[in-house]
Amino acid sequence: MLNPNFISGAMNSLVPISRFNKGEANKIFEEVRETGFKIVLKNNTPTCVLLTPEAYEQMLETLENYRLLVEAETRLENAKGEDFIPAEQAMQELGISEGFGKG
């Protein structure tokens, strides 16, 4: 059974495009600031999603993190034992000492 709160939230996120034609853009943008997003309907079909800049940036960051995760997993799957070096060797090559960062 569907959660009534989910249905209510979904319904409240819908905005008919006719509201823009009635001069309600500022009110809709305020609603977006309050809720994070709105889905604009044209002829009862989702046409556009309005997001706050913060929600958009978070979405982009999530996508980039996912892309990096997939890249890391691919590299690990294709890695061979000889592709790795001991931590001590890496630290020496980078000029990092064991005491670095210790207070």
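Reader: How much surface does the chain expose, and what share do carbon and sulfur atoms supply?

Author: Glad you asked! The chain exposes about 8800 Å², and carbon and sulfur atoms supply 58% of it. Accessible areas come from the Shrake-Rupley method with a 1.4 Å probe; for residues, only the protein chains shown count as cover. This is a predicted model, where local features need pLDDT of at least 70, side-chain atom pairs count only at pLDDT 80 or more, and totals for chains, interfaces and linings use all residues. Residues are numbered from 1 along each chain as its sequence is written, and side-chain values use heavy atoms, leaving out hydrogens and water.

Reader: What is the mean pLDDT of the chain?

Author: pLDDT is the predictor's confidence in each residue, from 0 to 100. Here the mean is 87, and 86% of the residues reach 70 or more.

Reader: Is I28 buried or exposed?

Author: Buried means under 20% relative accessible area, exposed over 50%, and partly exposed in between (1.4 Å probe, protein chains only). I28 is buried because its relative accessibility is 0%. Of the 103 residues of the chain, 12% count as buried.

Reader: Which residues does I28 touch, not counting residues up to four places away in sequence?

Author: Contact means heavy atoms within 4.5 Å. By that rule, I28 touches V15, R19, F20 and L50. I28 and L50 are 22 residues apart along the chain, and their C-alpha atoms are separated by 9.4 Å.

Reader: And why does T52 count as buried?

Author: T52 is buried because its relative accessible area is 9%. Leaving aside neighbours within four places in sequence, T52 is in contact with V32, R33 and G36.
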